[in-house]
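Here are some short exercises to work through with the sequence and the 3D view side by side. Try each task on your own before you read its solution.

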Amino acid sequence: MSQPHVAILDDEAEIRRMLADALTDAGFRTSTYARATEFEAALKRTAPDVCLVDLGLPDRDGLALVHRLALESGATIIIISGRANISDRVTGLELGADDYIIKPFEPAEVVARIRARLRKSRPAGGTAGSVARFNGWEAHFDRYVLIGEDGAEVPFSHAEGEVLRLFLEAPKRLISRMQMQESLGGAAGESFDRAMDVRISRLRAKLGEDPKNPRLIKTIYGAGYIFLGDVAWR
């Protein structure tokens with residue numbers, strides 16, 4: 001199995017060096033960038049498995065970059081930032097980041113978070129493939145796209161894909177908020193709950209659900225969610 005590739009975008013040379021050294025020692029392949037422009041140019045040539053993105057960039061708004069990555073990239077996106085207030089953390093997760101690590105941090109924590117994220121992004125042992133069929137839709141997790149009965153393609157982000165896969169691997173079973181937190185990672189609390197609400201709302205919209213009476217992703221108030229579709233994997 002090839003080494004997972006981690007792209008590091010941070011304008012502080014010492015942080016880039018520290019993370020690259022720790023990740024290389026842990027068996028990862030790394031590339032580092034000081035500016036968003038060179039990072040985005042590199043993404044046209046290669047597709048990393050994980051992107052570590054600082055929000056305080058000299059040439060680009062970090063949150064806008066995270067949002068674009070979430071929409072266009074299949075990579076796991078982890079924000080690394082000195083912005084510790086809850087509003088920045090919630091916004092980052094709502095825009096599609098998979099995790100948010102506050103500076104200063106220990107490199108070992110970043111390595112552990114990346115490993116945990118990569119484990120969670122792999123198909124479960126009982127899932128045969130990367131394509132799921134349900135209620136007239138196909139979800140292609142290798143391309144991060146939904147395909148409708150008319151052939152139209154609707155892209156989804158890595159973060160939305162994690163939630164969708166969780167539902168599709170456990171159809172017609174209650175999934176509590178606690179189970180979601182345990183399966184998807186991240187600290188439990190207001191920021192996680194709001195991020196899940198946003199991701200589920202976006203998935204419903206992409207599936208053409210009526211927000212007042214969704215057919216597929218049902219909210220069981222005070223308990224969690226149930227996915228009501230019939231699912232076949234290949």
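**Exercise 1. A phenylalanine and its neighbours**

Task: Leaving out residues up to four places away in sequence, find the residues that F167 touches.

Solution: Keep in mind that this is a predicted model. Start at F167 and set aside residues up to four places away; the contacts are then I175, I200, I217, Y225 and F227. Next, place F167 in the fold: F167 belongs to helix α6. Now check its exposure. The relative accessible area of F167 is 0%, and buried means under 20%, so F167 is buried. Finally, pick one contact and compare sequence with space. F167 and F227 are 60 residues apart along the chain, yet their C-alpha atoms are separated by 5.7 Å.

**Exercise 2. An aromatic pair**

Task: Decide how the rings of F134 and F227 are arranged, and which parts of the chain this pair ties together.

Solution: A search of the whole structure gives seven aromatic pairs. One of them is F134 with F227, whose ring centres are 5.5 Å apart and whose planes make an angle of 75°. Planes over 60 degrees apart count as edge-to-face, and that is the arrangement of F134 and F227. Now look at where the partners sit. F134 is in strand β6 and F227 in strand β11, so the pair ties together parts that are 93 residues apart in sequence. Both F134 and F227 are buried. To widen the view, add F167 and Y225: with F134 and F227 they form one aromatic cluster.

**Exercise 3. Two helices that pack**

Task: Describe how helix α6 packs against helix α7.

Solution: Begin with the ranges, which are residues 158–168 for α6 and residues 177–184 for α7. Their axes are 11 Å apart and the packing angle is about 120°. That angle makes α6 oblique to α7. The crossing of α6 and α7 is right-handed. Last, list the residues that meet: α6 brings E162, V163 and L166, while α7 brings M180, S183 and L184. While you are in this part of the chain, look at R165 as well. R165 lies over the face of F141, 4.3 Å from the ring centre.

**Exercise 4. Backbone angles to notice**

Task: Inspect the peptide bond from K103 to P104, then the phi values of N135, Y144 and G96.

Solution: First, recall the background: most residues other than glycine have a negative phi, and most peptide bonds are trans. Step one is the bond from K103 to P104, which is cis, with omega near -5°. P104 sits in the loop between β5 and α5. Its relative accessible area is 80%, so P104 is exposed. P104 and G82 are 22 residues apart in sequence, and their C-alpha atoms are 7.0 Å apart.

Step two is N135, which is not a glycine but has a positive phi of about 45°. N135 is in the loop between β6 and β7. With a relative accessible area of 40%, N135 is partly exposed.

Step three is Y144, another residue other than glycine with a positive phi, near 55°. Y144 lies in the loop between β7 and β8.

Step four is G96, which follows α4 and has a positive phi near 120°. To finish, look back at helix α4 itself: its buried residues are D88, V90, G92, L93 and E94.

Notes:
Residues are numbered from 1 along each chain as its sequence is written. This is a predicted model: local features need pLDDT of at least 70, side-chain atom pairs count only at pLDDT 80 or more; totals for chains, interfaces and linings use all residues. Side-chain values use heavy atoms; hydrogens and water are left out. Rings of Phe, Tyr and Trp (its six-membered ring) pair if their centres lie within 6.5 Å; planes under 30 degrees apart count as stacked, over 60 as edge-to-face and the rest as tilted. Helices (H or I, at least four residues) and strands (E, at least two) are DSSP runs, numbered from the N terminus. Buried means under 20% relative accessible area, exposed over 50%, partly exposed in between (1.4 Å probe, protein chains only). A charge sits over a ring if NZ of Lys or CZ of Arg is within 6 Å of the ring centre and within 35 degrees of the ring normal. Axes are lines fitted to C-alpha atoms, for helices over the stretch in contact, and angles run from 0 to 180 degrees between N-to-C directions. Angles under 35 degrees count as roughly parallel, over 145 as roughly antiparallel, 65 to 115 as roughly perpendicular and the rest as oblique. A crossing is left-handed if the near helix is turned anticlockwise from the far one by less than a right angle, and right-handed if clockwise. Contact means heavy atoms within 4.5 Å.
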